[in-house]
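Trainee: I'm new to this one. Could you take me through the salt bridges, slowly and up close?

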Amino acid sequence: MNNKEIELLGKKFEEDIINWRRYLHEHPELSMHEVETAQFIYEKLLSFSTDLLVQRPTQTSVIARLKGRKPGKVLALRADIDALPIEEQTDLTFRSTRKGVMHACGHDGHTAMLLGAVRILVELQDKLHGEVVFIFQHAEELASGADEILNTGVLKDVDCILGGHLYNQVPVGQFGLALGRMMSASDGFDIMITGKGGHAAEPDQAQDLIYLGTEIVQSFSQLIARQVNANDQAIISVTKFNAGSANNVLPDQVQIGGCTRTFSDTTREFILHQIQEIVETLSTLYGAKGTIEWTKGATAVINHSEVTDAVRAVIENNFGKDAVHILSPHMISEDFGSYLKEIPGNFLFIGSGNPKEGITYPLHHPKFTFDEQALLNGTLLHVMTALTLPRALDDITMK
């Protein structure tokens, strides 16, 4: 089947894809509450074909399977479906109808593109090798949905997994590819320092917990600069420092919060251990008590090299060599990394920015939107990889 025939099918369903995206944008739901969203997806899939096996592996996720008429491997395509607790500030005619909830990360587009791919591939089932698994995943923003789906065992037969993310910093019409490291792991921390407060005029009768807190924060900079290998990217960001309520009182507690970003598991565990050590050691030195609570976040997204090469070939063959935009590693996070720990695959950015139209706002911004031309591009890429990779995976060394 040639590119022109696939593109014509894409055009045939483009209006549906746009309408699905706009409906989802108007009706966003937060992580773990995607009840209506999952039901919408479920009903759409059932309407496409009786050949689709549609499952509900968790309460708010949906998976569909489509077997081709020819032999081949099992390929999974993933979209995330949850929204964010953000009050929308766009002037879109289809802006969110739910106060304080918004699709500010493009998940409405991801869902619509994957629905479009399913609809087209149903038409092309006779051309399809192997089997395609379509994952509509919940709770990506909590960095928990991918792990929950993996834990159900529904992907145990999958040979390769692909995913994509709309991204306004890549122009519409291009695809951002990373050769290996793409997005970092993330972990959050909350530190509580407690001790003896007192009058600011009598510091010798109290413990200066604010000074102690600043010592702890400064130690984090030294940790990154002098104890982490310079070739291994890592960040510690302190984003909260709360203490005191009066100008003449030394507080009896200090709260510090922030996050870490890493790529290697070794560095990730080392930083977590060292921060714990810094907090406890310095607190003891100053006669105070320091405790820390960790919130484990997303696993690093590290692309499989040979799958990435195969995806790059699909892009170049169907969209042209100029459509490939090579990326440096990003320190933002995505729970797709959990899949890549278990299954070889690739994650990429789908260019959605259009400065001429003012479409430049980044992910998680209250004015975020994207060029809807990206919806057809992403849908077609899903279709083209589904038609190509299941028969090519035999020649790829899956490591």
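Mentor: Sure, and let's settle the term before anything else: a salt bridge here is a side-chain nitrogen of Lys or Arg within 4 Å of a carboxyl oxygen of Asp or Glu. In general, side chains of opposite charge can pair when their charged atoms come close. Keep in mind that this is a predicted model, where local features need pLDDT of at least 70 and side-chain atom pairs count only at pLDDT 80 or more, while totals for chains, interfaces and linings use all residues. Residues are numbered from 1 along each chain as its sequence is written, and side-chain values use heavy atoms, with hydrogens and water left out.

By that rule there are 21 salt bridges. Let's visit a few.

Start with Arg181, which pairs with Asp232; their closest N and O atoms are 3.2 Å apart. This pair links distant parts of the chain, 51 residues apart: Arg181 is in strand 7 (residues 181–183), and Asp232 is in the loop between helix 5 (209–227) and strand 10 (234–243). Helices (H or I, at least four residues) and strands (E, at least two) are DSSP runs, numbered from the N terminus. How covered are the two partners? Buried means under 20% relative accessible area, exposed means over 50%, and partly exposed is in between, using a 1.4 Å probe and protein chains only. Arg181 is partly exposed at 29%, whereas Asp232 is buried at 10%.

Salt bridges that share partners also join Arg21, Arg22, Asp108 and Glu372 into one network.

Now look at Arg65 and Asp157, whose side chains meet at 2.8 Å, N to O. Arg65 belongs to strand 2 (residues 62–67) and Asp157 to the loop between helix 4 (145–152) and strand 5 (160–171), so this salt bridge ties together parts that are 92 residues apart in sequence. Here Arg65 is the buried partner, with a relative accessible area of 9%, and Asp157 is partly exposed at 33%.

For a pair within one helix, go to Lys11 and Glu14, which form a salt bridge at 3.4 Å, N to O. Both lie in helix 1 (residues 3–26), three residues apart, or about one turn of the helix. Why does that spacing suit a pair? An α-helix has 3.6 residues a turn, so residues three or four places apart point the same way. Glu14 itself is buried, with a relative accessible area of 15%.
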